[in-house]
There are 2 protein chains.
Amino acid sequence: MQPIDYSKRISTVTPSAIREILKVTQDPTVISFAAGNPATESFPAKEFNEIISKILTERPGYALQYGISEGYPVLRTLLKKRLWDKYGIGQSFDDTIIVTGGQQGIEMTAKTLLDDGDTLVCEEPSFLGALNAFRSYNAVLKGIPVEKDGLDLEKLEALLKEDKRVKLVYVIPTFQNPSGRVMSLAKRKALLELAERYNFMILEDNPYYDLRYDGEVVPTIKSMDKTGRVVYCGSFSKVIAPGIRVGYVTAPDWMIAKLTVAKQLSDVHTNLLMQMVIAEYLEKYDLDAHVESIIELYRPKRDLMINLLNEHCGNFMQIEKPEGGLFIWATLPEGYDGTRLCKIAGGYKVAAVPGSSFCVDDSQPYPAIRLNFSLPTMEQIEKGCAFLGEACKFYQKEV
Amino acid sequence: MQPIDYSKRISTVTPSAIREILKVTQDPTVISFAAGNPATESFPAKEFNEIISKILTERPGYALQYGISEGYPVLRTLLKKRLWDKYGIGQSFDDTIIVTGGQQGIEMTAKTLLDDGDTLVCEEPSFLGALNAFRSYNAVLKGIPVEKDGLDLEKLEALLKEDKRVKLVYVIPTFQNPSGRVMSLAKRKALLELAERYNFMILEDNPYYDLRYDGEVVPTIKSMDKTGRVVYCGSFSKVIAPGIRVGYVTAPDWMIAKLTVAKQLSDVHTNLLMQMVIAEYLEKYDLDAHVESIIELYRPKRDLMINLLNEHCGNFMQIEKPEGGLFIWATLPEGYDGTRLCKIAGGYKVAAVPGSSFCVDDSQPYPAIRLNFSLPTMEQIEKGCAFLGEACKFYQKEV
């Protein structure tokens, strides 16, 4: 039935074991801590409705016609100003283009930089969607452990000394997915120095940055990038809404030139109406106040989940309290496997993602699980944590 | 300033000479026949406004949340029914997914099938955006001339006999871009037979099919595909609106499985609100009647442009009257170059696209130009054709 072979690049991306486990989430009686979704009630639907009605009344021809690949000029201007004023992002050698969600920024960066067999260094654990994008360009993935204060730079430098094909280092330095950890300022600076010394680019994936519930703000790596070593991917998915698929990339001009080519080949341009909506939203509404309301929504969810996890699972798992983002990382004792725990948890009607699915080699046991607190309600968090406690007890008895 | 090399694949895609020529279109006093855009007045903005208001009132949480990579289930169901009922597309071994415009379907097909050095056969001339997508996966492009009744199959078979790496043949069989030509039924059948005999896949790119102004309907290649040899790319860009970036791919299940993986890596999913808008539009409104209104809008534009081109340029160029689509193809006498004519035309305040930009090797002279009649108004067509006549006279004197 399949007369033609797939390309090698796409053959390397296989459905992960995670899919089997996540099938339990299709059961509506299962409480899911397995998602990466923002809370549905946080979306500014009323504002969108007003804005869209205005745009489709006043400028329907422009909004529904082909746009340019770099993005809606008004949005780019507003966004560049915001990135500079608020985050210090966007040096004179940089530019910013609009992409169809942060994922597309990652995929296009891989396409633009990585030749077959080039080494892509990632944090381990790291975001599965990005790892698969790198795999789909035949990159050799090498994972470096994420310590409590971010990437283990000694291990990274050891790798850089022996592997001359490291072209790109992929990091989620703030509220990392899945660990929730934050790379320290010192490590951010040191990583930039390593990029100069060993001649590689850094891909800073930063979708969660604004969702900080406590602790001190740490500057982005990009804001300290004085030589054009950082490709920065941002997104409106976690602070406005993900379904609209609008993100952005800030990178040195030479990268933007080819990223624009890649963008043109990929989907010509990002949905123009949605770009206009975001632009109008930035002009007419207060995004910072909206983000603050999301923080107020998520902080109690995080606190409740942390407390209940400690109560129900604290004698088994080590629960890390993240200062921001969407995820709690729970580490099992040595000899236990997150995948097994997630399977058991499914039987107790609660879903989580096994740590192994965030690893370069996802076939090995890994003693951790990822739990999401943004999507479930407070009631679901209460029930789900109790269920997870039962699952932990079951697993402890089993071993 | 550029410390890291681009990937080889993206290096092969260079800004075309066409960009320089098309710069004249930024001058608002220039009449552009250079676009590929549908008429702005044809977009169903009022209907969109009503539908979006309803969706964002009734189901905002669903519309703005993450969706699934295959596409909005309701849209897929409606679309599959429409494709089968109206076009006979969608055998039991096929499935249909939603993509971010037809371009993404082409790009993902290339990614899924083509290894470095595989041969991609295309029509020559052909659609630049697709050719660049193939280039960006290091395919070896080989062009086969488009005759009045479509691809020259004798030349194709000669190539197939000597080149064992032909994995994919890319065609726009109906109202081809740029030539406007239609592949005959006999050739469509013969191409399917060749695909079986020489073991390759066919990528049928079909954005213009419904825009037929006269002549007999010819069935799509996909509708005659009994063995799963055809990947079919369709789009709502030319019959509803392009800015929304919603297209679709129908292909055998084994291809859809990997195309879905590619889709997930590329942009996770297509803008969900826009998918819901199209679904609601298909349910509540009459797309066929809307397409009929577009045909009534474009036919007189085509007729006027054909008449005026014959009047002003007929003694110099051979003007082909297309039975549908958006483009008129004009062939210059031997020894003349479309690129030179387009440069001269820019000076006369009218823009067209040189034929060379649709060729595998776009650095060679090519005696043709492409003219678009869907976007300009009747007045602009009148003026522009007269200007083009002046440009032709100038060029004739020059040589």
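Which residue caps the N-terminal end of α11(A)?

## Helix α11 of chain A

A:N271 does. In this predicted model, one of its side-chain oxygens lies 3.2 Å from the backbone nitrogen of A:L273. The helix that follows spans residues 272–284, 13 residues in total. From first C-alpha to last, α11(A) reaches 18 Å. That is close to the 18 Å expected at 1.5 Å a residue.

The helix is mostly covered, with 11 of its 13 residues buried. The buried residues include A:L272, A:M276, A:I278 and A:L282. A:Q275 and A:E280 are also buried.

## Strand β9 of chain A

Strand β9 of chain A covers residues 247–252. Because 6 of its 6 residues are buried, the strand is largely enclosed by the rest of the structure.

β9(A) pairs with two strands. With β2 (residues 94–99) of chain A, the pairing is antiparallel over 6 bridges. With β8 (residues 230–235) of chain A, β9(A) also runs antiparallel, joined by 4 bridges. A:T250 takes part in both pairings: A:T250 is the bridge partner of A:T96 and of A:Y232.

## A buried loop residue in chain B

B:I240 sits in the loop between β8 (230–235) and β9 (247–252) of chain B. Is B:I240 buried or exposed? Its relative accessibility is 1%, under the 20% cut-off, so B:I240 counts as buried.

Beyond its sequence neighbours up to four places away, B:I240 touches B:S42, B:F43, B:P44 and B:F48. It also touches B:I278, B:Y281 and B:L287. B:V291 is 51 residues from B:I240 in sequence, yet the two C-alpha atoms are 8.1 Å apart.

## Nonpolar cores

Nonpolar side chains tend to be buried together in soluble globular proteins. Here the largest nonpolar core has 228 residues. Those with the most contacts inside this core are A:F134, A:M317, B:F134 and B:M317. Apart from it lies another core, of 21 residues. Its members include A:V166, A:L194, A:I202 and A:V230.

Which residues surround B:M317 when neighbours within four places in sequence are left aside? Its contacts are B:A330, B:T331, B:L332, B:L341, B:I369, B:L388 and B:C392.

## How the copies relate

Chain B can be laid on chain A with an RMSD of 0.0 Å. The operation is a turn of 180° with a shift of 0.0 Å along the axis. The two copies are therefore related as by a two-fold rotation axis.

The interface fits this picture. Of the interface residues of chain B, 99% are also interface residues in chain A, so the copies meet through the same surface.

Technical notes:
Residues numbered from 1 in each chain as written. Chains lettered and ligands numbered in written order. Predicted model: local features only at pLDDT ≥ 70, side-chain atom pairs only at ≥ 80, totals over all residues. Heavy atoms only, no water. Core = buried A, V, L, I, M, F, W, Y, C linked by side-chain atoms within 4.5 Å. Buried < 20%, exposed > 50% of the residue type's maximum accessible area, 1.4 Å probe, protein only. Contact = heavy atoms within 4.5 Å. Pairing = 2+ DSSP bridges. Least-squares fit on C-alpha atoms with pLDDT ≥ 70 in both. Expected span 1.5 Å × (residues − 1). Polar contact = N/O pair within 3.5 Å; in protein donor to acceptor, adjacent residues only side chain to side chain.
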